[in-house]
Amino acid sequence: MTKLEDIVSLCKRRGFIFPGSDVYGGMAGTWDFGPLGVMLKRNLMNTWWSFWVDKRDDMYGVDAAIIMNPKTWEASGHVATFADPLVECKECHGRFRADKLVDGATESITTEEFLAVSPKCPTCGKQDWSEIRKFNMMFQTHVGPVDDDSSIAYLRPETAQGIFTNYKNVVDTIYPNLPFGLAQQGKAFRNEISPRDFILRDRECSQMEIEYFVRPEEWEQNFDELLADYHAFLEEQMGLPTDKIHDYDVPAEDRAHYSKHTIDVMFDYPNGQEELLGFAYRTDFDLSNIQKASGKSMEYRDKVTGESFIPHVIEPSIGVERLFLAVLSAAYVEEEDRVVLKLPENLAPYKFCVSPLLKNKPELVEKAKEVFAILKQKYTFVTWDDSGNIGKRYKKQDEIGTPKCVVIDFDTLEDDTVTVRDRDTTEQVRVKAEEL
Ligand code: GAP
């Protein structure tokens, strides 16, 4: 069984992810991606974009500002309701999310329900608790030089509102047929009470969201189709095993304030099952609220019938870090004498590693550099390694998920063939260099 600590350690050892502000002792809930992490993260995000936007003819992209007019968050309900249940230990004054201390509890846990269980404080072990209070998770800031109530703004807690507020701009400019989707990738910020489980619950994360605008009477069919497509994406593009993905139909009392139907897609992470992404039927909640708050019509005029109405919305929303961790957990394998990341080829940071068998033989190094230059030109994501012995190089490339290692030896100088070693099977074959 893979342990989360093993993945955390690999990420640090190989330069995928470091704790945020590490040099100053860290900053809880923030993480920095190193050279390999950036490559994997970009591959995830680009594959998502290609699958959901580029390859479809009903999806378009937007890229909105992170700091939005604060009216956005009043109309969306976030100022009033985007809050988690906070409880404080009266002994050590540690503050925690109440629902995370009680097995099976949800965000709607009441003080009575919490005190009936009265769990031990994770810090001091005492059982003396405050009442539960709602803690708004939006990061507040001031915009401009005046530091008063008139300048309050928020870092966006979801990318979704940048899509809703641009819906009308898109309709007025490119007038797409219904149903159509608007997709956005970008940072979102949440002042989580207890960031935890490595990159699973962060204070700063990246989201990839789609708002899919549909005819109200067709929401269910669109919901089911998009959900099926998402399963295909997770399994075929991200390499997640089917038996580790589970749909959870969220009961009404636990749904977000805007949702009439939610399926949370759960994943079996090393530390247990957690939400990987959310699928919500947001009805016309957001567009109607924007219409009310802005006084601008959010209606869509049907091109055939001329009928005007506010479309309903299906929202698939996923966090990049959660997907990243799911992909790593699925790919991480410990074998007798090695650790290997069996990443799908489209996600692996490097496609090939090129090495000379011996680095102190100039003729081998020269030939290897030639092969490296050709492969780099052709595949871009190619790395060079002439450190240590060949066994150590394979070990390192296995740990960072490089699918193929190409080794140049004395036979290469004779017949221009190279050894290609496969990451997953460790089998080696000889092929002509030009056939790579
Ligand atoms: N626009 C809808 C929305 O934001 P959500 O369920 O709060 O819904 C959607 O978040 C997804 O964003 C989650 O399923 C998760 O993948 C990711 N996410 C949310 N909060 C996160 C956090 N604190 N750290 C990392 N990822 C997070």
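Trainee: How do the axes of helix 6 and helix 8 cross?

Mentor: Helices are DSSP runs of H or I with at least four residues, strands are E runs with at least two, and both are numbered from the N terminus. Axes are lines fitted to C-alpha atoms, for helices over the stretch in contact, with angles from 0 to 180 degrees between N-to-C directions. In this predicted model, local features need pLDDT of at least 70, side-chain atom pairs count only at pLDDT 80 or more, and totals for chains, interfaces and linings use all residues. Residues are numbered from 1 along each chain as its sequence is written, and side-chain values use heavy atoms, with hydrogens and water left out. Here the axes of helix 6 (residues 160–174) and helix 8 (residues 285–294) come within 10 Å and cross at roughly 60 degrees.

Trainee: Which residues of helix 6 and helix 8 meet?

Mentor: Contact means heavy atoms within 4.5 Å. From helix 6, Q161, F164, T165 and Y167 meet D286, L287 and I290 of helix 8.

Trainee: Which residues are closest to the ligand?

Mentor: A residue is near a molecule if one of its heavy atoms lies within 4 Å of it. The ligand is surrounded by 21 residues, of which E158, R190, D202, E209 and E275 are the closest.

Trainee: Which ligand atom does a polar side-chain atom of E315 approach?

Mentor: A polar contact pairs N or O atoms within 3.5 Å. For E315, a polar side-chain atom lies 2.9 Å from a nitrogen atom of the ligand. Q207 places a polar side-chain atom 3.0 Å from a ligand oxygen atom, and a backbone N or O atom of L276 lies 2.8 Å from an oxygen atom of the ligand.

Definitions and conventions: A polar contact is a pair of N or O atoms within 3.5 Å; within protein, one must be able to donate a hydrogen and the other to accept it, and residues adjacent in sequence count only if both atoms are side-chain atoms.
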